[in-house]
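Here is a quick tour for someone meeting this protein for the first time. Have a look at the model, then read on.

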Amino acid sequence: MRHFRVFAAFILSFILASMNVHAYFNSTYLDTTVFFTNSTTVHVVESVQLFVSNSSISQYDQDRQAFNLSVGDWQKAVGSSLLVEHIIDPKGSITNFTFLPGPIVPASNGNGYASLTFSYDAANVTTVKIIAPRKFEYAFNASAFNFQHTASGQSLLPSTRLTFMIPSGAQVVSVYPLPDYPQPNSVGQYNGTTFAWFSGEPLQKFSFVYVTTETPQQEVVQYFSSIYDNYRTLVYITVLLVLAAIVLYIYTRVFR
C-alpha cells in the first residue's frame with residue numbers, strides 16, 4: 001500500500017508538471033501605427049497580440065485587474081520583448097503614454113488571445129522645411145526607430161507590421177524601401193494616406209518624405225497662432241490690465 005501511494009503521488013506530480021508546461025504566454029504579432037501631423041511630433045499606437053494558454057487565463061485576468069502594474073511589470077509577467085516603444089524621440093522622452101491590456105478572446109482548446117495596446121506621442125520624429133509659399137516638406141527621422149537589431153541594422157520581424165498615416169491631402173514624394181501596401185500607380189506615384197511595411201522588411205536605409213500644402217485660411221490661422229505663442233505672456237498681462245481698469249472704473253463710478 002505504501003508503495004502504491006508513492007507511485008500515485010509520483011503520477012499526480014507528473015500530471016501537474018505536464019499541465020504547467022502548457023501554461024505560458026506568447027506574443028505572436030506586433031502592429032505599430034504612426035500618425036503624422038503637421039508638426040515634428042507624431043502619435044503612435046502599438047498593439048501586441050498575445051496568445052494565452054488555458055492554464056494562464058486566470059493569471060492574465062488577475063494581472064489585468066491590477067491597475068498599478070507598469071509596462072515593465074507586464075513585460076515580466078508575459079515574457080514579451082515587444083512591449084516597448086518602437087518609435088522614440090531621438091532627443092528626449094515620450095509623452096501622453098497610455099496602456100490598455102484587452103480582454104481574453106476565446107480560441108480553441110480553452111486557450112485565448114488578448115491585445116495589449118499602448119499609445120504615446122513622440123517629438124522630433126520628423127524634420128520640416130518650407131519649399132514654397134504655403135508648402136512644407138516633412139522628412140522622417142530614421143533614428144527614431146527602435147525595432148529588432150540584426151547584423152545589418154534594424155529590421156521588422158516577420159510577425160511585425162509598420163504603418164504610416166500621413167495627413168489628408170499630403171503627397172509622398174520619396175520613400176525607401178517601397179511599401180508593401182499600397183502599390184504605386186501607373187506613373188510610380190502613391191495615392192492615399194496609408195503606407196505599410198511587413199514581412200521582415202529591413203530598415204537600415206529607411207527614408208520617407210511627404211509634402212503638405214496649406215490653404216490661405218490655414219496660413220492665416222497659423223500666422224496668428226504663432227503670434228499668440230510668441231506673445232502669450234504679453235497678451236495675458238494686457239488682458240489683466242484691461243480687466244483691472246474696468247474694475248477700477250466701475251468702483252470709482254459707484255463709490256465716489
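pLDDT is the predictor's confidence in each residue, on a scale from 0 to 100, and a contact means heavy atoms within 4.5 Å. With that in hand, start with the shaky parts: pLDDT stays under 50 over residues 218-226, and the model gives them four contacts beyond four places in sequence. Across the protein the mean pLDDT is 83, with 82% of residues reaching 70 or more. Residues 2-23 are another weak stretch, with pLDDT below 50 and five contacts beyond near neighbours in sequence.

Some ground rules: this is a predicted model, where local features need pLDDT of at least 70, side-chain atom pairs count only at pLDDT 80 or more, and totals for chains, interfaces and linings use all residues. Residues are numbered from 1 along each chain as its sequence is written, and side-chain values use heavy atoms, leaving out hydrogens and water.

Now the overall picture. The protein has five helices and 13 strands; these are DSSP runs numbered from the N terminus, with helices being H or I of at least four residues and strands E of at least two. Of its 256 residues, 30% count as buried, that is, under 20% relative accessible area, while exposed is over 50% and partly exposed lies in between (1.4 Å probe, protein chains only). Among contacts with a separation of 6 or more, 67% join residues 24 or more positions apart.

Helix α3 (residues 71-78) is a nice place to zoom in. Its residues Val71, Trp74 and Val78 are buried. They sit on the same side of α3, because they cover an arc of only 55° around the axis, the arc being that of the directions from the helix axis to the C-beta atoms. An α-helix has 3.6 residues a turn, so residues three or four places apart point the same way. The cover over the buried residues of α3 includes β1, β2, α2, β3 and β5. Just after α3, glycine 79 takes a positive phi of about 65°.

Two residues elsewhere are worth setting side by side:

| Residue | Element | Relative accessible area |
|---|---|---|
| Glutamine 59 | helix α2 (residues 57-65) | 36%, partly exposed |
| Threonine 212 | strand β13 (residues 207-213) | 9%, buried |

What does threonine 212 touch, not counting residues up to four places away in sequence? Its partners are Asn38, Arg134, Lys135, Phe136, Tyr138 and Ala170. As for glutamine 59, its C-alpha is 9.9 Å from that of valine 78, 19 residues apart in sequence.
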